[in-house]
Amino acid sequence: GDSENVQLEIIADLISHMSGRCYEILTKFYYEEKDLDRILEEIPSLDSKNALKTKKYKCMENLRKSAQEVYKRYLNNN
């Protein structure tokens, strides 16, 4: 439905404002649907799968916090 599209748009927008590294990881994972091994190959500066997992987790936490704030504002304004 519409609210789902709004949520995806909000999230895409938030991701685009995140650090380059988070943007890269989350885009590859969610939009290009690549697995961690593939992402690791494409981002050589991450030295291990654990490093990637940790980074992805932190990026997701940041994204979740931002999304909640934005979504609350959105719901309050409509």
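**Salt bridges and burial: a chat**

Reader: Buried, partly exposed or exposed: which word fits Arg 64?
Author: In this predicted model, Arg 64 has a relative accessible area of 42%. The cut-offs are under 20% for buried and over 50% for exposed, with partly exposed in between. Since 42% falls between those limits, Arg 64 counts as partly exposed.

Reader: And which residue does the side chain of Arg 64 meet in a salt bridge?
Author: Look in helix H4, which covers residues 49-77. The partner sits in that helix too, three residues from Arg 64, or about one turn of the helix. At 25% relative accessibility, the partner counts as partly exposed. The N to O distance is 2.5 Å, and the partner is Glu 61.

Reader: How many salt bridges turn up in the whole structure?
Author: Side chains of opposite charge can pair when their charged atoms come close. One pair here is Glu 61 with Arg 64, and another is Glu 32 with Lys 34. Searching the whole structure gives a total of eight.

Reader: How many residues apart in sequence are Lys 28 and Glu 42?
Author: Their side chains meet in a salt bridge, at 2.7 Å from N to O. Lys 28 belongs to helix H2 and Glu 42 to helix H3 (residues 36-42), so this pair ties together parts of the chain whose separation in sequence is 14 residues.

Reader: Which of those two is buried, Lys 28 or Glu 42?
Author: Buried means under 20% relative accessible area. Glu 42 has 23%, so Glu 42 is partly exposed. With a value of 13%, the buried one is Lys 28.

Reader: What is the N to O distance between Glu 32 and Lys 34?
Author: Glu 32 is partly exposed at 40% relative accessibility, and Lys 34 is partly exposed too, with a relative accessible area of 22%. Their side chains meet in a salt bridge, and the distance from N to O is 2.7 Å.

Reader: Which residues does Thr 27 contact, apart from neighbours within four places in sequence?
Author: Thr 27 is part of helix H2, residues 20-31. Its relative accessibility is 15%, so Thr 27 counts as buried. With those neighbours set aside, its contacts are Ile 15, Cys 22 and Glu 32.

Notes
Residues are numbered from 1 along each chain as its sequence is written. This is a predicted model: local features need pLDDT of at least 70, side-chain atom pairs count only at pLDDT 80 or more; totals for chains, interfaces and linings use all residues. Side-chain values use heavy atoms; hydrogens and water are left out. Helices (H or I, at least four residues) and strands (E, at least two) are DSSP runs, numbered from the N terminus. Buried means under 20% relative accessible area, exposed over 50%, partly exposed in between (1.4 Å probe, protein chains only). Contact means heavy atoms within 4.5 Å. A salt bridge is a side-chain nitrogen of Lys or Arg within 4 Å of a carboxyl oxygen of Asp or Glu.
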